[in-house]
Amino acid sequence: MPSLKLGKIFGISIELHDTFIIMALLFLVFLAAVEQTNFFSILLLWIFLFFSVFVHELFHSIVAISKGIKVNKIMLLPIGGLSVTEEQPEKPIDEFLIAIAGPFFNFLAIIVILVVAAYLPSLWPGKLLTSTEISPQEVYNAILQYPLFALFWVNFMLGAFNLFVPALPLDGGRVFRALLSTRLGYYKATMMAAVLSKIISGLLFIIGFASGDIILAVIGVFIFLGASQETEMVAVRHSLSGIDLKKIVS
């Protein structure tokens, strides 16, 4: 995958996928030029997104390393990023813990943000706390006008979408596979999770295309490609299991 290398942390290469940059630039140009939105507010929103995705993936990697799994790089994507490891966790409980580590950071950040908002209410849009009827436009305006709320919104969307959508390669898909693996084994669990992932990806693409939501359609494509790649890797590993490669080579 084409990417921009940003550096290393804990021996892990940090790379920014080209689509992250492209989508950020397109979004900035569209909102700033077409809707006459505050350019710096949108730029700050993408900085928050970048930071939150990075720490989200770093939490995944730290837990993976604690389980003895080597992490080669973190690829930052618009939908949450990807930690590239040399091997998959063998135990379902390990995959479960690694999968929830990223959303755990996002929800932890949300709690901290809400505590700060409680003590510094001027940094938070008051209507969101007092009104039960809030339009999407009002939420959108609050995101642009209140940086603290923007950070809350980014982490909420990242954490909730990644954890509660049961599609590979999202965290929810990995949690779903980990739970299935306890009964079916890793290979069969992956195949079942991949089928569900492709159904979800198709629905997201259709909804996004029909409603004119290009980002949602792109996310659907990402999920389909990610699920397909995950299936291929697991299928190859499954077909090679039990084969002594040293004897074949020799």
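How do the residues of the lining of the second largest pocket divide into nonpolar, polar and charged? In the predicted model described here, this lining holds 17 nonpolar, 11 polar and 9 charged residues. The overall fold is described before the pocket is taken up again.

The protein contains 10 helices and 4 strands. Along the sequence these elements follow the order β-β-α-α-β-β-α-α-α-α-α-α-α-α. The chain has 250 residues, and 41% of them count as buried. Among contacts with a separation of 6 or more, 62% are made by residues 24 or more positions apart. The accessible surface amounts to about 13,900 Å², and carbon and sulfur atoms account for 71% of that area.

The interior includes nonpolar cores. The largest of them has 33 residues, and within this core L76 and W124 have the most contacts. Two or more residues each come from the strands β2 (12-17) and β3 and from the helices α2, α3, α5 (136-145) and α6 (147-164). Helix α2 gives the most to this core, with 10 residues. Another core, of 8 residues, lies apart from the largest one; V165, I200, L204 and I219 are among its members.

Helix α8, which spans residues 186-211, contains S197. This serine counts as buried because its relative accessibility is 0%, and the cut-off for a buried residue is under 20%. Beyond its neighbours within four places in sequence, S197 is in contact with P166, A167, L168, I223 and A227.

Open space in the model was also examined. Rolling a probe the size of a water molecule over the atoms shows where empty space is left. The second largest pocket encloses about 900 Å³ of space. Its lining is made up of 37 residues, and those nearest the centre of the pocket are L82, S83, P169, R174 and E230. Elements that give two or more residues to this lining are the helices α2 (39-66), α3 (92-119), α7 (171-184) and α9 (214-240), together with the strands β3 (71-76) and β4 (82-85). Helix α9 gives the most, with 8 residues.

Some elements appear in both descriptions. Helices α2 and α3 and strand β3 each give two or more residues to the largest nonpolar core, and these three elements also give two or more residues to the lining of the second largest pocket. The greatest share of the core comes from α2, whereas α9 gives the most to the pocket lining.

Note on methods. Residues are numbered from 1 along each chain as its sequence is written. This is a predicted model: local features need pLDDT of at least 70, side-chain atom pairs count only at pLDDT 80 or more; totals for chains, interfaces and linings use all residues. Side-chain values use heavy atoms; hydrogens and water are left out. On a 1 Å grid over the protein atoms alone, a cavity is a set of points where a 1.4 Å probe fits but cannot get out, and a pocket is an open set with protein on both sides within 12 Å along at least five of seven lines; lining residues have an atom within 4 Å of a point. Grid points are joined across faces, edges and corners, and a volume is the space filled by probe spheres set on the points. Ala, Val, Leu, Ile, Met, Phe, Trp, Tyr, Cys and Pro count as nonpolar, Asp, Glu, Lys and Arg as charged, and the others, Gly among them, as polar. Buried means under 20% relative accessible area, exposed over 50%, partly exposed in between (1.4 Å probe, protein chains only). Contact means heavy atoms within 4.5 Å. Accessible areas come from the Shrake-Rupley method with a 1.4 Å probe; for residues, only the protein chains shown count as cover. A nonpolar core is a set of buried Ala, Val, Leu, Ile, Met, Phe, Trp, Tyr and Cys residues joined through side-chain atoms within 4.5 Å.
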